[in-house]
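New to this one? Let's take a relaxed walk through it, stopping at a handful of spots along the way.

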Amino acid sequence: MQNQIPSLNIVLIEPQIPQNTGNIARTCAAVGAALHLVRPMGFEVDDKKLKRAGLDYWHLLDITYHASTQAFFEATPGPYVLFSSRVNTLYTSQSYPHGTYLIFGREDAGLSLELLADHPHSHARLPMVPDARCINLASSVAAATYEALRQQGFEGLA
């Protein structure tokens with residue numbers, strides 16, 4: 001995995017809950033997606049809860065750490081799709097070419113309005129009932145990941 005460009009990149013900006021991140025890491029490992037963690041984070045990577053949620057998949061994980069959101073965008077070429085409950089474009093309406101970065105915000109705050117404004121044509125949301133604030137981060141990442149992989153023909157997956 002390290003020698004090729006992953007078909008998909010999952011980006012967590014300032015994740016706060018280690019169990020969510022561990023769960024997402026396991027999903028990334030299972031489908032061959034790269035995981036990008038953007039600091040500051042609400043836990044240490046050696047957190048027991050993080051490791052337990054990822055189980056024994058860590059050796060399959062392509063993971064990169066970024067010092068800040070700005071550092072992430074400076075280091076990566078895109079294309080990007082930013083996920084938020086505050087936007088209108090359904091996730092199934094977006095295109096996810098090879099190498100796309102699916103970007104998710106903090107569990108307690110999501111992505112900033114400023115960041116969303118900086119990428120006005122790269123938004124996506126998962127549909128839900130009007131009174132629901134948001135879907136669990138790990139669940140959102142899984143749904144978005146499988147839509148992107150479906151569009152790519154599940155290349156390399158059995």
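What follows is a short tour of a pocket, two peptide bonds and two backbone angles.

Keep in mind as you look around that this is a predicted model. Let's start with the pocket. The largest one holds about 440 Å³ of space. Its lining is made up of 23 residues, and if you want to find the middle, look for S85, R106, G110, C134 and I135, which lie nearest its centre. What's the lining like chemically? It's a mix: ten of the residues are nonpolar, seven are polar and six are charged.

Now for the peptide bonds. Head to the loop between β2 (34-38) and α2 (48-54), where you'll find P40. The bond joining R39 to P40 is cis, with omega at about 0°. Another cis bond links G78 and P79, and there omega is about 5°. P79 also sits in a loop, this time the one that runs between α3 (69-75) and β4 (80-83).

Last stop: the backbone angles. E14, in the loop between β1 (8-13) and α1 (18-31), has a positive phi, near 55°, even though E14 isn't a glycine. Is E14 buried, exposed or partly exposed? Its relative accessible area is 22%, so E14 counts as partly exposed, given that buried means under 20%.

For the other angle, go to the segment after α5 (137-151), which is where F154 lies. Phi of F154 is positive too, near 50°, and F154 is likewise a residue other than glycine. With a relative accessible area of 34%, F154 is partly exposed.

Conventions: Residues numbered from 1 in each chain as written. Predicted model: local features only at pLDDT ≥ 70, side-chain atom pairs only at ≥ 80, totals over all residues. Heavy atoms only, no water. 1 Å grid on protein atoms, 1.4 Å probe; cavity = no way out; pocket = protein on both sides within 12 Å on 5 of 7 lines; lining within 4 Å. Points joined across faces, edges and corners; volume = space filled by probe spheres on them. Nonpolar A, V, L, I, M, F, W, Y, C, P; charged D, E, K, R; others polar. Helix = DSSP H or I, 4+ residues; strand = E, 2+ residues; numbered from the N terminus. Buried < 20%, exposed > 50% of the residue type's maximum accessible area, 1.4 Å probe, protein only.
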